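Biologist: I'd like to go through this model with you and ask how each label is earned. Shall we start once it is on the screen?

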Amino acid sequence: MALFLALLLPLTVVAGDWPQFLGPTRDGVYAGGDIVPAWPAAGPPIVWQKDIGEGFAAPVVASGKVCLFHRVSSREIIEALDAATGKNVWSFDYPTTYRDDFGFDDGPRSAPVIVDGVVYAFGAEGVLSAVDLATGKKKWQVATQKMFPVKKGWFGAAGSPLVDGGRVIVNVGSPGAGIVAFDAATGAVDWKATNDEASYSSGTVATIGGARHALFLTRNGLVDLDPATGQVRFSMPFKSRSSASVNAATPLVIGNLVFVSASYGTGAALLNVNGATFTRVWANDDSMSNHYSTCVYRDGTLYGFHGRQEEGQALRSVDLKTGKINWGVDGFGAGTVTLAGDRLLILRENGELLMAPATPKSFQPGAPARILKAVVRAYPAIADGRLYVRNEHSLVCVKLSR
């Protein structure tokens, strides 16, 4: 309960919603108690499936709608679907010319966020849009990379917007405007902070010691700001010495502790935050180096993917306070992990879904179910006992409840 209260975001969330990246509390935790302990031999039932456009942006769910952010032809599209049927409710689109320099997907990377009936989405070229959830009508739109000089980076703009206190806070990545807060109602700039280039990590917000803290893992390292003013409380260098590296996992807050992790020889660190200062509890490159997926936490233990995606990755359980490895499965392959009650929902890049008890004793997975074709890199969403998963071509709704 203490963890939940520390991370609770000021979102208007209906029970069963998954309104932003990593869920209501942006920590990969599904609070619903309706997930079955095991699925049939044939796998969990598919409720509906829909052909979609390009992108790695995770779906989000609120008020009976699934919001999908994808690209078809030369348009980035924010689309609302009926969560139960997959039928289109509305679409909003705008032009894009983004091209991935490495020949990967050209679609949007960052998950939308839904707050107080408004959908906020951050496109691959840095276009920040606010769209009415009920109607799909544009409220405002800002081309951040035209407003501020921003290097293209390796893979485009990818951090999901963070909404807190009537502000939409984005890791823009420009000198003097590394992190920018926009007024949620108008799109006007509220404050600017840091000179940091943007990472591919999404920021998070938490109440620590009675104060609100916005935490961003930028291209250069961890930054702790006051989300109301943009005042930087502290920063900590945290990046690889390789220019081709990325910081992509979201900082994880547990009470007054902050866990950060990255690959490319960077590793992990656990910090004890006290006001505008911090102390390192531990740091190493041996325990848990997250490439793009974020760990989940339960009862003193972290669960997540260790190592480079292209090198196979290991699935691990690590003691939070010490960094000691409880168990690991080498060569497991890349994926994402979500916590549902006392169970891990593990979605592999090859499209397999597994469920296992969240225990530091050993890894005891149930039978895998292939729910999509590879490659699955976007995070899933869970709402009302249904799992929403996408790859570059399809979005599928899977029933996990009783």
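## Labels and their cut-offs

Modeller: Leu22 is a good place to begin: this residue sits in the loop between helix H1 (2-7) and strand S1 (29-30). Helices (H or I, at least four residues) and strands (E, at least two) are DSSP runs numbered from the N terminus. This is a predicted model, where local features need pLDDT of at least 70 and side-chain atom pairs count only at pLDDT 80 or more, while totals for chains, interfaces and linings use all residues. Residues are numbered from 1 along each chain as its sequence is written, and side-chain values use heavy atoms, with hydrogens and water left out.

Biologist: Why does Leu22 count as buried?

Modeller: Buried means under 20% relative accessible area, exposed over 50%, and partly exposed in between (1.4 Å probe, protein chains only). Leu22 has 3% relative accessibility, so the label is buried.

Biologist: And what is the phi of Leu22?

Modeller: The phi of Leu22 is near 70 degrees, a positive value in a residue that is not glycine. Most residues other than glycine have a negative phi. Asp299 also has a positive phi, about 50 degrees, without being a glycine. Asp299 lies in the loop between S23 and strand S24 (301-306).

Biologist: Is Asp299 buried or exposed?

Modeller: Exposed, because its relative accessibility is 63%.

Biologist: What makes the bond between Ala374 and Val375 a special case?

Modeller: That peptide bond is cis, with omega about 15 degrees. Most peptide bonds are trans. Val375 belongs to the loop between strand S30 (369-370) and strand S31 (381-383).

Biologist: How do you know that Cys67 is too far from the closest cysteine sulfur for a bond?

Modeller: A disulfide is a pair of cysteine sulfur atoms within 2.5 Å. The closest cysteine sulfur to that of Cys67 belongs to Cys397 and is 14 Å away, so the distance is too far for a bond. Cys397 is likewise in no disulfide, as its nearest cysteine sulfur is that of Cys67. The count is zero disulfides. Cys67 is buried because its relative accessible area is 0%, and Cys397 is buried with a value of 0% too.

Biologist: What makes the link between His291 and Tyr264 a polar contact?

Modeller: A polar contact is a pair of N or O atoms within 3.5 Å; within protein, one must be able to donate a hydrogen and the other to accept it, and residues adjacent in sequence count only if both atoms are side-chain atoms. The side chains of His291 and Tyr264 make such a contact at 3.1 Å. The His291 side chain also reaches the backbone nitrogen of Gln309, at 2.8 Å.

Biologist: Where is the place of His291, and why does His291 count as buried?

Modeller: His291 is in the loop between strand S22 (277-284) and strand S23 (296-298). Its relative accessibility is 8%, so His291 counts as buried. Leaving out residues up to four places away in sequence, His291 touches a set of residues including Val246, Ala248, Gly307 and Gln313; contact here means heavy atoms within 4.5 Å.

Biologist: One more: why does Phe238 count as buried?

Modeller: With 7% relative accessibility, Phe238 meets the rule and is therefore buried. Phe238 is in the loop between strand S18 (232-237) and strand S19 (252-254). Phe238 and Arg219 are 19 residues apart in sequence, and their C-alpha atoms are 8.3 Å apart in space.
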